[in-house]
Amino acid sequence: MTYHVQIKVMPLKDLLDPQGKAVMGGLDNLGIHDVQDIRIGKHITMEIDAASEEAAKQIAETTATKLLANPVMEYFEIELIG
């Protein structure tokens, strides 16, 4: 069966987010001052052929752990969709 999975990879909350800081500067230059904080991450969607939901989640977790996220700087969340 094919499972659709979303993986959200975000910088750890305690670390500086240089992309977010750059966007905050851009907003300030545009005169938009109401935004308090921006964190920029990655949104990955996958279609996984697996025997069960649990197997699909395990494949997604292995993929995120070994390839998509740097655990020193980022965390990830996995969600099955549809």
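## A guided tour from strand E2 to the largest pocket

Begin by selecting Glu47, which lies in strand E2; strands (E, at least two residues) and helices (H or I, at least four) are DSSP runs numbered from the N terminus. The model is predicted, so local features need pLDDT of at least 70 and side-chain atom pairs count only at pLDDT 80 or more, while totals for chains, interfaces and linings use all residues. Residues are numbered from 1 along each chain as its sequence is written, and side-chain values use heavy atoms, with hydrogens and water left out.

**Stop 1: Glu47 and helix H2**

Glu47 is exposed, at a relative accessible area of 62% (exposed means over 50%, buried under 20%, and partly exposed in between, with a 1.4 Å probe and protein chains only). Add Ala60 to the selection: its C-alpha atom is separated from that of Glu47 by 9.6 Å, and the two residues are 13 apart along the chain. Next select Thr63, placed in helix H2 (residues 53-68). Thr63 is partly exposed, with 22% relative accessibility. From Thr63, step to Lys42, which is 21 residues away in sequence and 14 Å away in space, C-alpha to C-alpha.

**Stop 2: the salt bridges**

How many salt bridges does the structure hold? There are two, a salt bridge being a side-chain nitrogen of Lys or Arg within 4 Å of a carboxyl oxygen of Asp or Glu.

- Display the side chains of Lys42 and Glu74, which form a salt bridge at 3.7 Å, N to O. Lys42 belongs to strand E2 (residues 42-49) and Glu74 to strand E3, so this pair ties together parts that are 32 residues apart in sequence. Lys42 is partly exposed at 38% relative accessibility.
- Then display Lys8 and Glu77, whose side chains meet in a salt bridge at 3.3 Å, N to O. This pair links distant parts of the chain, 69 residues apart: Lys8 is in strand E1 and Glu77 in strand E3 (residues 74-81). Lys8 has 34% relative accessibility and counts as partly exposed; Glu77 is partly exposed too, with a relative accessible area of 38%.

**Stop 3: the largest pocket**

Keep Lys42 and Glu74 selected, for both are among the residues that line the largest pocket. Extend the selection to Val9, Pro11, Leu15, Leu16, Asp17, Pro18, Gln19, Ile40, Gly41 and Met73, which also belong to the lining. The pocket has a volume of about 160 Å³. On a 1 Å grid over the protein atoms alone, a pocket is an open set of points where a 1.4 Å probe fits, with protein on both sides within 12 Å along at least five of seven lines, and lining residues have an atom within 4 Å of a point. The volume is the space filled by probe spheres set on the points, which are joined across faces, edges and corners.

E1 and H1 each supply at least two residues of the lining. Colouring the lining by class gives seven nonpolar, two polar and three charged residues; Ala, Val, Leu, Ile, Met, Phe, Trp, Tyr, Cys and Pro count as nonpolar, Asp, Glu, Lys and Arg as charged, and the others, Gly among them, as polar.

**Stop 4: Leu15 and the surface patch**

Select Leu15 alone, in the loop between strand E1 (2-11) and helix H1 (18-29). Is Leu15 buried or partly exposed? Leu15 is partly exposed, with a relative accessible area of 35%. Adding Val72 and Met73 completes a nonpolar surface patch of about 280 Å². Patches are made of residues with over 30% relative accessible area and no salt bridge, like charges being joined within 9 Å and nonpolar side chains (Val, Leu, Ile, Met, Phe, Trp, Tyr) within 5 Å. Accessible areas come from the Shrake-Rupley method with a 1.4 Å probe; for residues, only the protein chains shown count as cover.
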